[in-house]
Amino acid sequence: MLRLDHDNTLPFLDASVLDARITGAEGAHRTLLKKAGPGSDATGWRDLLVEPDDALLGRVSETAQEISEEADVLVCIGIGGSYLGARAVIQALTPYFRHPSDVPEIVFAGHHLSGTYLHELLQYLEGRSVYVNVISKSGTTLEPALAFRSIRRHLENTYDDPERRIIVTTDPSAGALNTLSAERGYRKFEIPRDVGGRFSVLTPVGLLPIASAGIDTSSLFYGAVDACNALASAEGNPALLYAAVRSALLDGGLSVDLLSVFEPRLHGFGLWWQQLFGESEGKDGTGLFPSVAQYTTDLHSIGQYVQDGQRTLAETFLMVEDDGGDLEIPSSDDDLDGLNYVAGKTMSFVNRAAHNGTSRAHADGGVPNMTLWLENVSPKSIGEAIYFFEHAVSVSGYLLGVNPFDQPGVEAYKKEMFSRLGRP
Ligand code: PA5
């Protein structure tokens with residue numbers, strides 16, 4: 001199970017303030033579980049773990065199996081919460097270099113407005129067997145809708161049976177994707193009404209792409225179920241502690257929380273976390289700005305700023321107890337590079353020393369930091385981490401006095417953009 005180490009925040013916090021925040025977090029936790037807070041009609045992400053729908057998991061697996069057998073490429077079309085979770089889990093749980101031969105390549109589209117990307121993607125799809133999973137809760141989001149229009153045309157021009165290759169994931173009845181799937185006979189998975197986009201990775205939104213990538217979605221899902229059960233009590237609850245410490249740091253004048261990973265395959269998970277916290281907390285003029293770093297790579301770019309720039313930063317390290325990185329560093333007879341002092345040690349050992357040293361140095365430099373430890377990078381651990389952060393951000397939003405489940409701010413740019421596009 002997950003473990004949170006917050007020792008490097010204690011010198012920065014007044015103990016009585018932290019105690020008050022912990023008490024507040026316990027109250028917010030009860031509010032969440034009782035569905036008594038703002039946006040409680042959007043807490044279905046928790047209900048689906050309390051009462052797992054194994055038949056749905058089975059249906060997702062069967063469809064993924066068909067995709068694996070038939071497709072060279074699965075194009076997942078979606079943006080924001082309709083894409084970041086699937087990408088995070090797939091990146092975390094597939095090999096760095098070898099594409100498994102028995103599963104389709106998963107590519108993403110509709111997550112920006114680059115015409116060059118779409119053009120090159122259409123060229124890439126030529127001659128390959130393609131399935132499409134178009135994912136949009138509203139069915140009206142511009143980026144995925146435009147990408148789907150072009151990719152749909154490619155399928156219609158290429159196959160006799162395009163409708164068999166298109167799977168829609170959307171609201172139970174509203175939106176253009178429902179109209180399209182009813183008219184054209186596409187298969188459909190539903191996104192429960194009471195699950196918002198950024199909380200939807202454990203619905204078919206995330207599960208179908210993840211299962212199609214050959215990942216064990218049952219272990220992922222039940223890892224989250226285990227965490228949901230473990231974090232149901234306020235007693236010794238690390239998600240509440242995480243929310244309480246962040247809240248106290250915000251009150252102490254900090255404005256940024258940097259999620260830093262030392263395993264590159266977790267970078268996408270950081271981007272999922274970034275949306276989860278950004279959209280849930282960043283409203284009514286409050287919230288820590290969520291940012292993501294991949295270490296040690298980024299210690300050679302923003303490391304200087306983190307150590308020594310404006311003191312507005314807190315940091316959350318996402319670490320792995322057993323990262324599987326048991327590659328031993330070879331010794332060298334002549335030791336010309338002077339590295340024999342680490343010969344015989346593993347790369348994991350060196351990476352762990354880098355984390356230890358960085359967390360100490362950053363704390364000494366005025367950056368309070370916590371470390372969340374995952375047991376390993378497995379479907380189960382990733383499922384646990386997903387639930388941990390969903391629970392923590394809900395409590396954190398209530399502590400801030402905001403509705404953690406809405407996102408009114410994202411409409412502003414759309415209004416300006418659509419007026420320039422001449423939308424009727
Ligand atoms: O978390 C959210 O609600 C958003 O990020 C949405 O997921 C994103 O805007 C995409 O919306 P939709 O799924 O309706 O296309």
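**Exercise 1. Work out the order of the strands in the open sheet, and find which strands stand at the edges.**

Step 1. Begin with the order: five strands form an open sheet, arranged 1-10-9-7-8, with mixed pairing. Strands here are DSSP runs of E with at least two residues, numbered from the N terminus, and two of them pair if DSSP finds at least two bridges between them.

Step 2. Now look at the edges. Strand 1 (3-5) and strand 8 (289-294) each have a single partner strand, so one side of each is left without a neighbour in the sheet.

Step 3. From one strand to the next, the twist averages 25°. Angles run from 0 to 180 degrees between N-to-C directions, using axes fitted to C-alpha atoms.

A note before you go on: this is a predicted model, where local features need pLDDT of at least 70 and side-chain atom pairs count only at pLDDT 80 or more, while totals for chains, interfaces and linings use all residues. Residues are numbered from 1 along each chain as its sequence is written, and side-chain values use heavy atoms, leaving out hydrogens and water.

**Exercise 2. Describe how strand 7 is joined to strand 9.**

Step 1. Find strand 7 at residues 256-261 and strand 9 at residues 313-322; they run parallel, joined by six bridges.

Step 2. Pick one pair: Leu-258 has Glu-315 in strand 9 as its bridge partner.

**Exercise 3. Find side chains that approach oxygen atoms of the ligand.**

Step 1. Try Ser-82: an N or O atom in its side chain is 2.7 Å from a ligand oxygen atom.

Step 2. For Ser-136, the corresponding distance is 2.6 Å.

Methods: Helices (H or I, at least four residues) and strands (E, at least two) are DSSP runs, numbered from the N terminus. A polar contact is a pair of N or O atoms within 3.5 Å; within protein, one must be able to donate a hydrogen and the other to accept it, and residues adjacent in sequence count only if both atoms are side-chain atoms.
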